[in-house]
Amino acid sequence: MIERFRQLVTAPTPQRVELPVLGIPVSFESNDGRLLEVVDEAFGVWRVLERTPHVLSSRRLRARFVMRDGDEGPGAHASLGYEMPVRGRVVLRTPGSMGVADATVGEVNAVVTRTLVADRAHFRYGVLEALTLALLTRFDRMPFHAAAIVRDGLALVLAGPTGVGKSTLSYAALRAGFQVLTDDAVYLQTDPVIRIWGFPGHIHLPADASHRFPELAGAAPALRANGKEKISVDVGVRGGMVERPLVEDAALCVLRRTDGRPAGHASSAAEIEALLTSRIEPGFDLFADAIGPAVSRLARRGGWILDVGGDPSDVMDVIRGMFADLGRARHRRQFS
């Protein structure tokens, strides 16, 4: 398959669109306009950054997708396999497709079947977004396991392990009038300044979320490429889309599960860094050497530990208090 991939990947890709994903301009190229429709669906939100060119990287990356006929096996969705043969290179294989994200040359090159692309959500999440982000995260956009909610240009980064309730809390914040920058992963830029990039658009909730949120009754969960069934909530439809998918004024909040009432505790930068680097989950551990310094910079003004449990809506009063503190701190910085 590798030799066939090398032959096919050199095919002309005359159709293209450039989008500044995570602030880094990427030229998406294909031999079929239908694939670029999926690109626009996945990354079109980033066009808003064209109005603020000062936040864009001077680097230019490339993502080429050659479409061809082919079969993806008997299953309802093509199986996806990922490997990292060397640092900075991710290889994706399905029964009929193959792609490589190679940071050493700043490119994604992929040959994908029309069958795979027609399975639109599966292709978008498991192939297009996966390969693009695998490339971008090697260029000062470190992935960090956290949600982020926004009010008045200030962000609270809600960090914690899988299952602690980041997405559920993000949805509760959306219902309470906050904007949602991202519900599961932020991307940290450290040069020339700290920036928190999100991937706005949807919140992905557990399949039983309607037990907590009655308005979701009847919403059908869908199987994602990671094998989990999630209810997808469109943030824009509910009025919680951020104006720009980044913030520069943020504080960290570490989430912990509790059986008692929700409570927030002010914490030092050192304590936050220790909590967030003591156990780094698979996938994010590829960036273990960089997470500590980045978290330290983000947490240098301190932050909070937030004990959550019970009804996530009960946490909102605590979070409002944190944002009030952030607003007062910003005011002091502006007028000191």
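In strand 19, Asp307 is the bridge partner of Ala263. That pairing is a handy way into this predicted model, so let's start there and work outwards.

**Around strand 19**

Ala263 belongs to strand 18 (residues 263-267), which is joined to strand 19 by five bridges, with the two strands running antiparallel. Strand 19 also pairs with strand 17 (residues 250-257), but here the sense is parallel and there are six bridges. On that side, Arg257 stands opposite Val308 in strand 19. How much of strand 19 (residues 303-308) is buried? Six of its six residues are, so to speak, tucked away: the strand is mostly covered.

**Helices 6 and 7**

Now for a pair of helices. Helix 6 (residues 269-277) and helix 7 (residues 288-298) have axes that come within 9 Å and cross at roughly 150°. At that angle, helix 6 counts as roughly antiparallel to helix 7. As for handedness, helix 6 passes helix 7 in a right-handed crossing. On the helix 6 side the contact is made by Ile272, Glu273, Leu276 and Thr277, while helix 7 brings in Ile291, Gly292, Val295 and Ser296. Sorted by type, the residues of this contact come out as four nonpolar, three polar and one charged.

The spacing of such contact residues has a simple background. An α-helix has 3.6 residues a turn, so residues three or four places apart point the same way.

Which residues of helix 7 are buried? They are Ile291, Gly292, Ala294, Val295 and Leu298. Helix 6 is one of the elements that these buried residues pack against; strand 8 (142-151), strand 11 (185-189), strand 12 (195-197) and strand 17 are the others. Strand 17 therefore turns up twice in this picture, as a packing partner for the buried residues of helix 7 and as the parallel partner of strand 19.

**The seven-stranded sheet**

Elsewhere in the chain there is an open sheet of seven strands, in the order 1-2-3-7-6-5-4 and with mixed pairing. Why do strand 1 (15-21) and strand 4 (81-86) each have one side without a neighbour in the sheet? Both stand at the edges and have a single partner strand each, so one side of each is left free of a sheet neighbour. On average, neighbouring strands of this sheet are turned by 15° against each other, direction ignored.

As a reminder, strands of a sheet pair through backbone hydrogen bonds, either parallel or antiparallel. Here are three pairings from the 4-5-6-7 end of the order:

| Strand pair | Sense | Bridges |
|---|---|---|
| Strand 4 and strand 5 | antiparallel | four |
| Strand 5 and strand 6 | antiparallel | five |
| Strand 6 and strand 7 | antiparallel | five |

Strand 4 and strand 5 make a hairpin with two residues between them, and Gly88 in the turn has a positive phi of about 90°. Val86 has Arg89 as its bridge partner in strand 5. Next along, strand 5 and strand 6 form a hairpin with four residues between them, and Val90 stands opposite Ala101 in strand 6. For strand 6 (residues 98-102) and strand 7 (residues 107-113), one facing pair is Asp102 opposite Glu107.

Finally, a helix covers part of this sheet. Helix 2 (residues 33-43) lies across strand 1, strand 2 (24-30), strand 3 (61-68) and strand 7, and runs at about 10° to strand 1.

Conventions:
Residues are numbered from 1 along each chain as its sequence is written. This is a predicted model: local features need pLDDT of at least 70, side-chain atom pairs count only at pLDDT 80 or more; totals for chains, interfaces and linings use all residues. Side-chain values use heavy atoms; hydrogens and water are left out. Axes are lines fitted to C-alpha atoms, for helices over the stretch in contact, and angles run from 0 to 180 degrees between N-to-C directions. Angles under 35 degrees count as roughly parallel, over 145 as roughly antiparallel, 65 to 115 as roughly perpendicular and the rest as oblique. A crossing is left-handed if the near helix is turned anticlockwise from the far one by less than a right angle, and right-handed if clockwise. Contact means heavy atoms within 4.5 Å. Ala, Val, Leu, Ile, Met, Phe, Trp, Tyr, Cys and Pro count as nonpolar, Asp, Glu, Lys and Arg as charged, and the others, Gly among them, as polar. Buried means under 20% relative accessible area, exposed over 50%, partly exposed in between (1.4 Å probe, protein chains only). Two strands pair if DSSP finds at least two bridges between them.
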